[in-house]
Amino acid sequence: MRHFLLSIMMPLVTVLLGIGCCSCGSDSSEEPEPSDTRYLRLSVSPATTLDASATQIELKVETNLDYTIAVDADWLKQKEGTTPKATTVLFDVAANTAKESRTATITASDKKDRYFSQSVKVVQSGSTIMFEELSIVDKQATDKTKALLANLWAIADKGFIFGHHDDLWYGRYWYNEPGGSDTKAVCGDYPGVFSVDFGPIMDNRYDSEENAIRRRVILEARERGEVIMACAHLNNPLTGGDSWDNTHNDVVKSILTAGNATREKFLSWLDRLADFCLNLKDTKGDLVPVIFRPLHEHTQGWSWWGSSCTTETEFIEFWRMMVKYLRDTKGVHNLLYAVSPQLDSWYDDQTIRNRLLYRWPGDDFVDFIGMDCYHGENPASFSNYLRIATEISQQKRKPCGVTEDGVESFTRADYWTYSVLEPTKDKRISMVVMWRNKYVGSNESDKHYFSVYPGHPSEEDFRKMYSSERTFFSKDLPDMYSLPENIRIK
């Protein structure tokens, strides 16, 4: 049997050896044909090292396959719309506000084989600009609202914006004339801040024909780039009286009480305000930012929300309730929130500070520190108010300014340089807003005016203030609705 098996296997061994010999005799310099012809090459334009202020880069892709893109950093984001075999991919770059440089890796991979990939690193330089950070009450505020806050802070380094309440709506001798303005009639320019009253759009006066005028002049001011600010002389929701009806000290308490009829009425007033703000849009369709200063002059006792009708706890809770309802419940994101206590006498420094921070709602609920100043022709008092306000503004990192000012029926010829321009020197404030000039027509016995108008003795002095490099009127304003490059809002 063994001899039989050997006789069979010998020819097979011979065949196998023959095959092996043929293989050894082939040309060893010949390379096998490659089976994988894929290629993937990446480069970045303009360069892989970017400036801190770079906004966009291009990824150049040379390939013959369908690929996917991955990035390991959130400051570098691919634009939508890249096709699988695109030769150029665009990326948005966020400005680097930190001093340190940062790195991102862009990886392109075979769509069918994630292990076949190529990567390129992108380095962004650290910033040499000193950035300032400001906090805002509404973290979801529109970009233009955030920009307004930033510019209110920045402009105080150069001077202050002049403003006037209801200036575009009526003046001492005119009413509802398109383009009208007592300010413009004297200096040829509109005020930089236009102040209005939101009370009549909220309470039982909401269907007044005057609200159409109010909306029109607000939009006109916005188109010129001016700043809009609004107080709210709200009627008493409990008694039906006006803002000065302080006969009951439980109005705010009733608003804070769940299920109370007064609360439900007041919430309906906030609903009207929300509807107004959410439909207040410029010609580009963007919401118009407004500095809203509710519950103004709360240091005084004459309003139903004032010091004689509320406790400190009630006032603070009331303020926060309004902010949360408008911001969180109604989704209003084009408001900045301003306090505006009143100062109207000579005070020592601590008293001024106490009044400016009277019943402070909290840093998280205030964007702007305002003050209503009715100190008469006493520039020394005014100067002290502004000095302490500047200190508080710097400490809290919130812009500040005079939200109401003036002397009723003043006649002083040098009022503007003496009572406004001189006291504001070396003070870091954003604005000085005069109270209204009431429309009186031919009734010269009515002297309810607080600013200049044609024929007033201070006309020439007002033009001197207008020509000062420290005052900003409508034509002087920077773009108040674009974020300055050195300020970040958080």
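## Ile 352 in helix H9

Ile 352 lies in helix H9, which covers residues 349-356, and in this predicted model its side chain is withdrawn from the surface, for Ile 352 is buried with a relative accessible area of 0%. Once residues up to four places away in sequence are set aside, Ile 352 touches Leu 343, Tyr 347, Asn 384, Tyr 385 and Ile 388. Gly 192, which is 160 residues from Ile 352 along the chain, has its C-alpha atom 27 Å from that of Ile 352.

## Confidence of the model

The protein chain has an average pLDDT of 91, and 92% of the residues score at least 70. Residues 1-26 stand apart from this picture, since pLDDT stays under 50 throughout them and the model gives them zero contacts beyond four places in sequence. Where pLDDT is low, the predicted coordinates should not be read in detail.

## A four-stranded open sheet

Strands E2, E8, E7 and E4 form an open sheet of mixed pairing, in the order E2-E8-E7-E4. The edges are occupied by strand E2 (49-50) and strand E4 (67-71), each of which has a single partner strand, so that one side of each is left without a neighbour in the sheet.

At the E2 edge, the pairing with strand E8 (residues 113-124) is parallel and rests on two bridges. Thr 49 stands opposite Val 123 in E8, while Leu 50 stands opposite Gln 124 in E8. Strand E7 (residues 102-110), in contrast to the parallel E2, pairs with E8 in the antiparallel sense, over nine bridges. One of the pairs in this ladder joins Ile 106 to Val 120 in E8, and the two strands E7 and E8 make a hairpin with two residues between them.

## Helix H5 and its buried face

Helix H5 (residues 210-223) has 14 residues, which at 1.5 Å a residue should span 20 Å, and the distance of 20 Å between its end C-alpha atoms agrees with that expectation. Its buried residues are Asn 211, Ile 213, Arg 214, Val 217, Ile 218, Ala 221 and Arg 222. Viewed down the axis of H5, these buried residues fall within an arc of 170°, and they therefore line one face of the helix. An α-helix has 3.6 residues a turn, so residues three or four places apart point the same way.

The cover over the buried residues of H5 includes helix H2 (143-155), strand E12 (174-175), strand E13 (193-197), helix H4 (199-202), strand E14 (227-231) and H7. Just after H5 in the chain, Gly 225 adopts a positive phi of about 90°.

## Helix H7 and Leu 273

Helix H7 has 18 residues and reaches 26 Å from its first C-alpha to its last, close to the 26 Å expected at 1.5 Å a residue. The residues buried in H7 are Thr 262, Phe 266, Leu 267, Trp 269, Leu 270, Leu 273, Ala 274, Phe 276 and Cys 277. Among the elements that cover them are H4, H5, helix H6 (251-255), strand E15 (290-292), helix H8 (312-329) and strand E16 (335-339).

Leu 273, located in helix H7 (residues 261-278), is buried with a relative accessible area of 0%. Apart from its neighbours within four places in sequence, Leu 273 is in contact with Phe 198, Ile 201, Met 202, Phe 292 and Leu 326. For Leu 326, which is 53 residues from Leu 273 along the chain, the C-alpha atoms of the two residues are separated by 8.4 Å.

## Cysteines without a disulfide

A disulfide is a covalent bond between the sulfur atoms of two cysteines. With a cut-off of 2.5 Å between cysteine sulfur atoms, the count of disulfides comes to zero. The cysteine sulfur closest to that of Cys 231 belongs to Cys 277 and is 13 Å away, too far for a bond; for Cys 277, in turn, the closest is that of Cys 231, again at 13 Å. Both are buried, Cys 231 with a relative accessible area of 0% and Cys 277 with a relative accessible area of 1%.

## His 456 in a loop

His 456 is placed in the loop between strand E20 (431-434) and helix H12 (459-467). This loop residue, His 456, counts as buried at 2% relative accessibility. Leaving out its neighbours within four places in sequence, His 456 makes contact with Phe 410, Thr 411 and Tyr 449.

How values were computed. Residues are numbered from 1 along each chain as its sequence is written. This is a predicted model: local features need pLDDT of at least 70, side-chain atom pairs count only at pLDDT 80 or more; totals for chains, interfaces and linings use all residues. Side-chain values use heavy atoms; hydrogens and water are left out. Two strands pair if DSSP finds at least two bridges between them. Buried means under 20% relative accessible area, exposed over 50%, partly exposed in between (1.4 Å probe, protein chains only). Contact means heavy atoms within 4.5 Å. The expected span of a helix is 1.5 Å times one less than its number of residues. The arc is that of the directions from the helix axis to the C-beta atoms. pLDDT is the predictor's confidence in each residue, from 0 to 100.
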